[in-house]
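Here are my notes on the two-chain model you sent over. Have the coordinates open while you read.

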2 protein chains.
Amino acid sequence: MRLVVVGGVAAGTKAASRARRVDPEVEITVYQEEPEASISECGLPYLLSGKVSGRDRLVARTPEDFAKKDIEVLVRHRVESVDPENKRLSVTNLTTGETFEDGYDRLVIATGARAIPPSIPGADLDGIFALRFLTDADRIMRHIRERTPEKALVVGGGYIGLEVAENLHRLGMEVSLVEAAGQLAGAYGLEVAEIIEGHLREKGVHCLFTGEEVETFLGDGKGRLRAVRLGEREIDAEIVIAGVGVRPQVSLAQAAGAEIGKTGAIRVDRRMRTSLPDVWAAGDCAETANLVTGEPGWLPLGDTANQTGRVAGTNAALGPDGEGTLEFPGVLGTGIFKVFDLGVGKTGLSEREAERAGFKVVSAGIETGSKAGYYPGAGKVFIKLICDSKTGRLIGAEVAGDSADKLVDVCATAIWGRLSCSDLVNIDLAYAPPYGPTLSPVIQAATVLSGKFRTSDRA
Amino acid sequence: MRLVVVGGVAAGTKAASRARRVDPEVEITVYQEEPEASISECGLPYLLSGKVSGRDRLVARTPEDFAKKDIEVLVRHRVESVDPENKRLSVTNLTTGETFEDGYDRLVIATGARAIPPSIPGADLDGIFALRFLTDADRIMRHIRERTPEKALVVGGGYIGLEVAENLHRLGMEVSLVEAAGQLAGAYGLEVAEIIEGHLREKGVHCLFTGEEVETFLGDGKGRLRAVRLGEREIDAEIVIAGVGVRPQVSLAQAAGAEIGKTGAIRVDRRMRTSLPDVWAAGDCAETANLVTGEPGWLPLGDTANQTGRVAGTNAALGPDGEGTLEFPGVLGTGIFKVFDLGVGKTGLSEREAERAGFKVVSAGIETGSKAGYYPGAGKVFIKLICDSKTGRLIGAEVAGDSADKLVDVCATAIWGRLSCSDLVNIDLAYAPPYGPTLSPVIQAATVLSGKFRTSDRA
């Protein structure tokens, strides 16, 4: 049996490794377009500043490592097309330029996501970058080395934009941030957006233009970026990182006839099967169910890529009717990022998202201490819990500040376990002075929230 | 309506505050035997070393603070007896020595727990202390100031003993630790006990005698502690902290006729009502259901004291038939402590406890990174998950190392939500390189554990 995996970052390599573990006999080839496979893409912003000390550290495994597990990983190989009827592939070797045919019995598509290039006049000037692949980071770092830009502009106030802003600032650049939406971190409520904005200003990212769009990139006459124009304003910048968003990479699957969901990503069932026979998909190119809304969703994140890769790889190795196939239930939309000293995390739905999904919500946001007040190093944290007013169930949480990672994970687990506000009032979490206030911020927020429910038995 | 609360630490003051909030009219008196009320007792070990910078920092609220909320808090007042038939109390003012009578309509008993004094020859020598009340810490600190002991011995390797060992070591003392049981931290499995022991040795707490009991305290002939004898061995020590355990303080309730559970603590229902009419109990003196075993349990911890105090105070204010009374479902046995740089936490049952409770268990323990491996400052963490082999449900978890507080809270929430191993394989937790490895240690351990379940649909 021959298994081919298209794409060799998180989901693709995980699928290949799982398939090998499930079936020592299966023949496995991974085609990867970029020069490296098995990249920790989430670490790219930290590579820019040297916080992560070298590009090799982001390469989790080399093709040689995979060869030891009898997995063939071919980098700089682009799969051009898939013929699902005859189970054939057309592949270009990007090093030699040669195109060849290959066959498969089973196929896993893990083509990932791509940065959306800015479609603005001047976008081809030297000094404008996306940050998606390790090769992007290479280009940015070379530009920084050679041109030593002093002023940087980051387009996009989502988590990648914010992480990049921090890391360019760490290099001593004067960093400006532009966000077209009215707030930073659009997946969050306004309270958290304002906490982030305050923290950025405090750190010296002094020019925040939320609600403004870059209209033109301006050159220096020699093809190099000099500034950007926003309305009346011109902002000097010798480097721009445009983290305006990513898009699932589905052209290969779509051309082969795979069904694309309304999110724009490849439609899959709980076993990560596409609509094509013997073809699975995983990672950033695939949809995943949102367990809170019950609707298909798309949220390209590294942990989900690993988890869906595990399911797709196992099932591809076992075959569609194999015993022991796995199911991936879906996601909650859990995420976290760090911007300077501030941790910001979210799980489930924001108030806005919940209302859009048809929930009537009751919510409470509090600011409290992250440790016992008398214990040295106690910090502050904001936490907001969002419950469905009908059932009392937690459907979303947002956290910003110290111990955000802990609190968001507790809330994610609570949503996964369908816990209600009253559960969270009484829940037995761990307490000791170095680790939190006597009652966890989650419990404190739930207690405030319980007062907002009319029916007393929910309080 | 007159509400009397006996005991003014965590549960008692919380009950009083909640009662005030529920009913602005109720007359509230709190009798507290010690000279201060509303003490953060969990901070006491850190007071010894100066890590917490002054005793006042551990006094969350003074009687004057409570007076502003129209709650009378009388310190140095000991309730000698309760007459539940006539709803009368006998109280001694420990300052004046005077005894007087008081009456109540409703009563909350929050008499807490007491340290078990060592019943060993020489236990009355100068230099042997328990650490339970702020006044104990005062005495210990005075002894340290006046005698400047160089060698300390801690009796008891539970969390208080371990915290005390760290804090005496911080003061420059040579610290030895003795534990009568065969392992430290007896509520945990052997793996964690060994991690703790290794960490203590590394930090220079070089004399660990697990499985040995102090037989005699030896004096210097002037009534002062000089050494302790263990079998053949004599260990020099000018100060001993005997953290050998605590016992619920139930004499008052028992003499009044309240039912005492088989744990030795006051029996209560989910509304924290005792067997006496109009008498509630909360905090360290009361039992709480163990939600994993379904059996009554006793686990004296500050967070539970706050939560049960909230329920008892609310219900006492509302009355036995009041609308909106609260229920406290029980606890999981969640706890955490820090010993030097090591965080150690637990929730649910250890393997030993689970087997004793009649479960057949499947477990997996792994050591993994606490952050993305390439991110600076990544540490190590050991995590062990314990599942019921019949249902696949998580019934216990132990963690030791970096991010222990986060992981134990995730596991506690998972047990509360009755999640199974397969839930934890797929659960959507927050990932970013500064906060954890791509897949949370909980997910990693669950994935290993899932391989141990035969039936594939649980994997």
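The points below go from conventions to the pairing of the chains, then through individual elements.

1. Ground rules. This is a predicted model, where local features need pLDDT of at least 70 and side-chain atom pairs count only at pLDDT 80 or more, while totals for chains, interfaces and linings use all residues. Residues are numbered from 1 along each chain as its sequence is written, chains are lettered from A and ligands numbered from 1 in the order in which they are written, and side-chain values use heavy atoms, with hydrogens and water left out.

2. How the two chains relate. Chain A superposes on chain B after a rotation of 180° with 0.0 Å of shift along the axis, at an RMSD of 0.0 Å; the fit is least squares on the C-alpha atoms of residues with pLDDT of at least 70 in both copies. The two copies are therefore related as by a two-fold rotation axis. They also meet through the same surface, because 100% of the interface residues of chain A are interface residues in chain B as well. Contact here means heavy atoms within 4.5 Å.

3. Helix H12 of chain A. Helices (H or I, at least four residues) and strands (E, at least two) are DSSP runs, numbered from the N terminus. H12(A) covers residues 441-450, and seven of its 10 residues are buried, so the helix is largely enclosed by the rest of the structure. Buried means under 20% relative accessible area, exposed over 50%, and partly exposed in between (1.4 Å probe, protein chains only). Among the buried ones are Val442(A), Ile443(A), Ala446(A) and Leu449(A). What covers them? The cover of the buried residues includes E23, E24, H10 and H11 of chain A, together with helix H8 (302-318) of chain B.

4. The nonpolar core. A core here is a set of buried Ala, Val, Leu, Ile, Met, Phe, Trp, Tyr and Cys residues joined through side-chain atoms within 4.5 Å. The largest one has 87 residues, and Ile383, Leu385 and Leu424 of both chains touch the most other members. Setting aside neighbours within four places in sequence, Leu424(A) contacts residues including Leu385(A), Leu394(A), Val442(A), Ile443(A) and Ala446(A), and those last three are buried residues of H12(A).

5. Arg132(B). Is this arginine buried or exposed? Arg132(B) is buried, with a relative accessible area of 12%, and sits in the loop between strand E9 (128-129) and helix H4 (134-147) of chain B. Its side chain makes a polar contact of 2.7 Å with the side chain of Asp284(B). A polar atom of that arginine side chain also lies 3.2 Å from the backbone oxygen of Ala113(B). (A polar contact is a pair of N or O atoms within 3.5 Å; within protein, one must be able to donate a hydrogen and the other to accept it, and residues adjacent in sequence count only if both atoms are side-chain atoms.) Not counting residues up to four places away, Arg132(B) also touches Glu41(B), Leu44(B) and Val246(B), among others.

6. The parallel sheet next door in sequence. Five strands of chain B form an open sheet in the order E9-E16-E10-E11-E12, with parallel pairing. Two strands pair if DSSP finds at least two bridges between them. E9 and E12 (207-210) are the edge strands, each pairing on one side only. E10(B) (151-155) and E16(B) (239-242) are joined by four bridges, with Leu153(B) opposite Val240(B). H4(B) packs on this sheet, touching E9 and E16, and its direction makes about 165° with that of E16(B); axes are lines fitted to C-alpha atoms, for helices over the stretch in contact, and angles run from 0 to 180 degrees between N-to-C directions.

7. Strand E25 of chain B. Eight of the eight residues of E25(B) (394-401) are buried. E25(B) pairs antiparallel with E22(B) (342-348) over five bridges and with E24(B) (380-388) over seven. Gly396(B) is the bridge partner of Gly348(B) and also of Ile386(B). Five residues separate E24(B) and E25(B) in their hairpin, where Gly392(B) takes a positive phi near 80°.

8. A hairpin in chain A. E5(A) (88-93) and E6(A) (99-103) run antiparallel, joined by five bridges, with Val91(A) opposite Phe100(A). Gly97(A), in the turn of this hairpin, has a positive phi of about 85°.
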